[in-house]
Amino acid sequence: QEIQDRFWIINHRAVVLAIIAGVGFGIIALGLVAIERTFTLLFGLDISDIFYQYLLPVAGLFLVPFYWLSAIENLNEVSAKELEKPDFLSKSIGFLGQFLFVPFLFAYALILLVYAVQIVFTQTMPVGTLGWMVLGFTITGAVAWLLVYPRFMREKTMVKLFRATWFWLTIVPLVLFTIGVVIRLNAYGLTSERMILVAGGVWVTLLTIMFLSKKIADIRLMPLFALVIFLLLSVGPFNISNAPILNQASRLEAAMISATSITQGTFSNPNWSEENAKKAIGALNYLYKEDGGEKKLEQVFSRYELEYKPDVTRLELYKQLELDSYDAKNLNHRSLISAKDNYANLTATPYYLGRVELNKYASMDIPVGLLNLAITMQSIKISSDGEEKNIELTDWLSEQQDETLTKPEIDFTIENINYLLLVDFISLEKNKNNEWEVQRLEGLLFSSEIPKANQ
């Protein structure tokens with residue numbers, strides 16, 4: 001127990017010193033910026049590289065950590081009895097734990113318990129966001145446990161109650177957490193985000209088991225468990241980046257095998273069920289957009305003699321797997337970005353007026369130059385002081401290819417000035433009447449001459 005008490009004191013002071021070191025670095029950074037600006041303004045010397053590439057990194061990555069580590073006391077110099085005679089800072093932190101953290105945690109535990117009872121009576125599954133809610137709740141509880149850990153806090157009524165009941169109160173939320181996470185993993189597979197969620201749940205579960213067992217209730221194991229889990233997430237073939245890719249590739253192959261009798265490495269005439277199609281589309285989408293996922297996707301396709309090109313679109317992949325009729329999101333949503341090899345001729349419109357960022361839900365027209373622009377259904381409303389124009393995008397959209405803007409230019413004339421809107425992103429969705437509506441549009445606006453306000 002004395003070793004744990006001394007361990008608590010050392011880390012308590014280390015955290016406080018880290019905050020002080022951070023404030024110190026902020027002062028150093030402000031001082032260096034002030035000196036660099038002064039040299040530039042008064043003497044015309046550009047020495048920013050020296051300050052920002054050398055002095056600031058040396059201060060932040062060497063001097064500040066060196067100060068922090070050198071200021072932490074040696075463990076042999078610390079007496080566990082100091083926990084019985086707290087200083088002002090320890091008292092203040094203990095106050096926060098006792099009167100802020102603990103009451104709110106009890107209230108939240110009650111809410112989660114009521115929610116669990118509701119699930120039992122209504123026979124419904126936990127909502128998707130519950131995992132993060134429970135994880136935040138249990139991690140906050142672990143922090144509160146450490147805040148009220150010192151001896152001088154343990155005899156207080158609220159702290160006694162907290163220490164006696166806290167880890168019992170985490171059992172029901174952790175059961176809800178496990179159910180919710182298992183449902184999400186079965187439905188959608190692993191992602192980097194869900195790996196963090198699972199890792200956090202494993203850490204909290206280990207703490208609950210440890211403290212309820214009493215015999216191994218050691219606060220030094222709290223950071224040790226976290227370190228081991230962090231290392232498992234960081235290195236090895238099943239790290240946070242690689243494991244989801246392997247899992248999603250496995251889900252895609254399993255769905256493909258279930259949809260057809262694959263013989264001699266060929267994939268043809270699939271008979272997709274709704275569930276299998278949803279699983280395959282989810283896995284394909286994840287692999288398509290994730291770094292390193294395309295390589296795995298190419299391996300899966302080549303394994304079953306399917307063509308995979310580096311610049312292939314998702315829609316083409318859906319068609320190869322005969323999934324295009326199952327992809328509700330793709331059928332009801334289109335997002336197009338400008339092709340990488342696009343070039344625009346600005347000879348006739350050499351003046352850059354600004355970036356255009358339009359949103360269907362914007363409450364007012366967006367000013368760019370002397371024009372005001374807004375989205376209406378499948379058109380852009382453009383107005384100036386003396387003229388208003390609606391530019392229909394139906395024909396323009398029909399010239400694009402799948403998910404790529406191959407012809408991003410939109411030309412129009414207002415008040416005898418020619419304009420060129422160079423679109424680099426557009427998003428569309430179908431409304432209740434099954435009509436396409438523009439949701440977002442982004443691009444660059446150019447003109448043939450500099451517009452002047454009417455006098």
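**A walk through the helices, a pocket and a cavity**

Let's start at I196, which is partly exposed at a relative accessible area of 41% (buried means under 20%, exposed over 50% and partly exposed in between, using a 1.4 Å probe and protein chains only). Before going on, note that this is a predicted model, in which local features need pLDDT of at least 70, side-chain atom pairs count only at pLDDT 80 or more, and totals for chains, interfaces and linings use all residues. Residues are numbered from 1 along each chain as its sequence is written, and side-chain values use heavy atoms, with hydrogens and water left out.

I196 belongs to helix α8 (helices, H or I of at least four residues, and strands, E of at least two, are DSSP runs numbered from the N terminus). Setting aside neighbours within four places in sequence, I196 is in contact with W132, L135 and I240 (contact means heavy atoms within 4.5 Å). P350 is another story: it sits 154 residues from I196 along the chain, and their C-alpha atoms are 49 Å apart.

Stay on α8 and you also find T208. Is T208 buried or exposed? T208 is buried, at 6% relative accessible area. Beyond the residues within four places of T208 in sequence, its contacts are F167, T170, I171 and L174.

T208 also leads us to a cavity, since T208 is among the lining residues of the largest one, along with T138, G141, A142, W166, F167, T170, V204 and L207. On a 1 Å grid over the protein atoms alone, a cavity is a set of points where a 1.4 Å probe fits but cannot get out, a pocket is an open set with protein on both sides within 12 Å along at least five of seven lines, and lining residues have an atom within 4 Å of a point. The structure holds 1 cavity of 30 Å³ or more, and the volume of the largest cavity is about 30 Å³ (the space filled by probe spheres set on grid points, which are joined across faces, edges and corners). Helices α4, α6 (157-169) and α8 each give at least two residues to this lining. Sort the lining of the largest cavity by class and you get 5 nonpolar, 4 polar and no charged residues. Here Ala, Val, Leu, Ile, Met, Phe, Trp, Tyr, Cys and Pro count as nonpolar, Asp, Glu, Lys and Arg as charged, and the others, Gly among them, as polar.

Now for a pocket. The second largest pocket holds about 460 Å³ of space. Its lining has 16 residues, with W8, N11, H12, V15 and L146 lying nearest the centre. Which helix supplies the largest share of this lining? That would be α1, with 7 residues. Helices α1 (2-43), α4 (130-147) and α9 (221-234) each provide at least two. By class, the lining of the second largest pocket has 14 nonpolar, 2 polar and no charged residues.

Two of those helices are worth following along their length. α1 has 42 residues and reaches 60 Å from first C-alpha to last, close to the expected 62 Å (1.5 Å times one less than the number of residues). Just after α1 comes G44, with a positive phi of about 70°. α9 has 14 residues and reaches 20 Å from its first C-alpha to its last, close to the 20 Å expected. Its buried residues are M222, I229 and L233. Seen down the axis of α9, these buried residues fall within an arc of 45°, so they line one face of the helix (the arc is that of the directions from the helix axis to the C-beta atoms). They pack against α4 and α8 (192-213). After α9 comes G236, whose phi is positive, near 90°.

Further along the chain, α12 (residues 293-303) has G293, L297, V300 and F301 buried. Viewed down the axis of α12, they fall within an arc of 95°, so they line one face of the helix. Their cover includes α10 (242-259), α11 (274-289) and α13 (314-320).

Finally, look at some backbone angles. Most residues other than glycine have a negative phi. E305, just after α12, takes a positive phi of about 55°. E322, in the loop between α13 and α14 (328-332), also has a positive phi, near 55°. E322 is partly exposed at 39% relative accessibility. N416 sits in the loop between β8 (409-414) and β9 (417-430), and has a positive phi of about 65° although it is not a glycine. N416 is exposed, with a relative accessible area of 73%.
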